[in-house]
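The following report concerns a single protein chain and is intended to be read beside its coordinates. Please consult the sequence and the model while reading.

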Amino acid sequence: FFNDTATTEIYTEQIVGSVRCVQETVITLIDLCGHEKYLKTTMFGLVGLIPDYSMIIVGANMGISRMTKEHLGITLALKIPFFVVLTKIDICPENIFKETMEILLKILKLPNVNRKPVIVDNEEALEKTAESITRDRICPIFHISSVTNKGVPELTKFMYLLKNRTRGSAASLLKQPA
């Protein structure tokens with residue numbers, strides 16, 4: 001749950017065995033497998049749980065893997081809006097970071113992907129991309145470090161600004177009276 005300052009806080013209240021939502025924005029994060037041998041589990045998660053968005057996480061120091069491409073392909077096939085988060089930028093050598101970004105940008109511009117990459121590094125880009133991710137052919141890209149906290153507040157606020165796009169999602173179900 002997010003409050004109006006996009007600080008992550010959990011507000012729940014137990015009422016006769018059910019959970020009532022105190023905040024308006026509910027985001028469910030599903031950590032799906034990145035390893036090839038768990039691809040079926042990832043497929044089940046994406047198809048069965050009907051996520052509103054897909055966050056493709058790439059270790060900047062590791063580069064774009066074959067599984068990253070697989071997950072992107074599945075996301076595209078299911079028409080799920082997505083954004084990319086490059087992590088570990090604090091330990092990534094500059095040349096590797098640059099190479100990872102070049103490959104990512106090339107992939108996003110391929111005809112079957114056809115997304116305009118948008119580096120989200122300021123308030124204006126953050127609000128614009130959160131508002132238009134479902135209707136425009138864009139792909140927001142975040143550069144973050146969990147160690148230095150660089151980019152983390154922007155990513156958190158971006159997720160706060162995302163709108164629920166599926167009917168019957170967790171947020172709407174939680175708002176129904178018990």
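The sections below treat a helix residue, salt bridges, internal and surface space, aromatic pairs and backbone angles.

## Basis of the report

The structure is a predicted model. Every value given here is therefore computed from a prediction, with local features requiring a pLDDT of at least 70.

## Surroundings of G45

G45 belongs to helix 1, which covers residues 39-48. Its relative accessible area is 4%, so G45 falls under the 20% limit and counts as buried.

Which residues does G45 contact beyond its neighbours within four places in sequence? They are L32, I50 and P51. A further relation links G45 to I30: the two residues are 15 positions apart along the chain, and their C-alpha atoms are separated by 7.7 Å.

## Salt bridges

Side chains of opposite charge can pair when their charged atoms come close. The count of salt bridges in this model is four. Among them is the pair R66 and E70, with an N to O distance of 3.8 Å. Both residues lie in helix 2 (residues 66-77), and because they are four residues apart there, about one helical turn separates R66 from E70. R66 is partly exposed at a relative accessible area of 48%, and E70 is likewise partly exposed at 31%.

Another of the salt bridges joins E124 to K128, at 3.4 Å from N to O. These two residues also sit four residues apart, about one turn, in helix 4 (residues 123-132). Are E124 and K128 buried or exposed? E124 and K128 are both exposed.

The salt bridge between E131 and R135 has an N to O distance of 3.5 Å. E131 has a relative accessible area of 56%, which is over 50%, so this residue is exposed. R135, at 53%, is exposed by that criterion too.

## The enclosed cavity

Rolling a probe the size of a water molecule over the atoms shows where empty space is left. A search of the whole structure returns one cavity of 30 Å³ or more. The largest cavity has a volume of about 60 Å³.

Which residues line the largest cavity? The lining consists of I56, V58, I64, T68, K69, L72, V84, L104, I107 and L108. At least two of the lining residues come from each of strand 3 (54-59), helix 2 and helix 3 (94-108). By class, eight residues of this lining are nonpolar, one is polar and one is charged.

## The second largest pocket

The second largest pocket holds about 220 Å³ of space. Its lining comprises 15 residues, and those nearest the centre of the pocket are K79, P81, R115, T134 and R137. How many residues of the lining of this second largest pocket are charged? Six are charged, alongside seven nonpolar and two polar residues.

## Aromatic pairs

A pair of aromatic rings is described by the distance of the centres and the angle of the planes. Three aromatic pairs are found in the whole structure. One of them is formed by F83 and F142, whose ring centres are 6.1 Å apart and whose planes meet at 75°, an edge-to-face arrangement. F83 is in strand 4 (residues 82-87) and F142 is in strand 6 (residues 138-143), so the pair ties together parts that are 59 residues apart in sequence.

Both F83 and F142 are buried. Ring pairs also bring in F158, so that F83, F142 and F158 are linked into a cluster.

## Positive phi angles

Most residues other than glycine have a negative phi, and most peptide bonds are trans. K79, which is not a glycine, has a positive phi of about 55°. This residue is placed in the loop between helix 2 and strand 4. With a relative accessible area of 68%, K79 is exposed. K79 also appears above among the residues nearest the centre of the second largest pocket.

N149 is another residue other than glycine with a positive phi, near 75°. Where does N149 lie in the chain? N149 is found in the loop between strand 6 and helix 5 (152-161). Its relative accessible area is 42%, so N149 lies between the limits of 20% and 50% and is classed as partly exposed.

Methods
Residues numbered from 1 in each chain as written. Predicted model: local features only at pLDDT ≥ 70, side-chain atom pairs only at ≥ 80, totals over all residues. Heavy atoms only, no water. Buried < 20%, exposed > 50% of the residue type's maximum accessible area, 1.4 Å probe, protein only. Contact = heavy atoms within 4.5 Å. Salt bridge = Lys/Arg side-chain N within 4 Å of Asp/Glu carboxyl O. 1 Å grid on protein atoms, 1.4 Å probe; cavity = no way out; pocket = protein on both sides within 12 Å on 5 of 7 lines; lining within 4 Å. Points joined across faces, edges and corners; volume = space filled by probe spheres on them. Nonpolar A, V, L, I, M, F, W, Y, C, P; charged D, E, K, R; others polar. Phe/Tyr/Trp six-rings, centres within 6.5 Å; stacked < 30°, edge-to-face > 60°.
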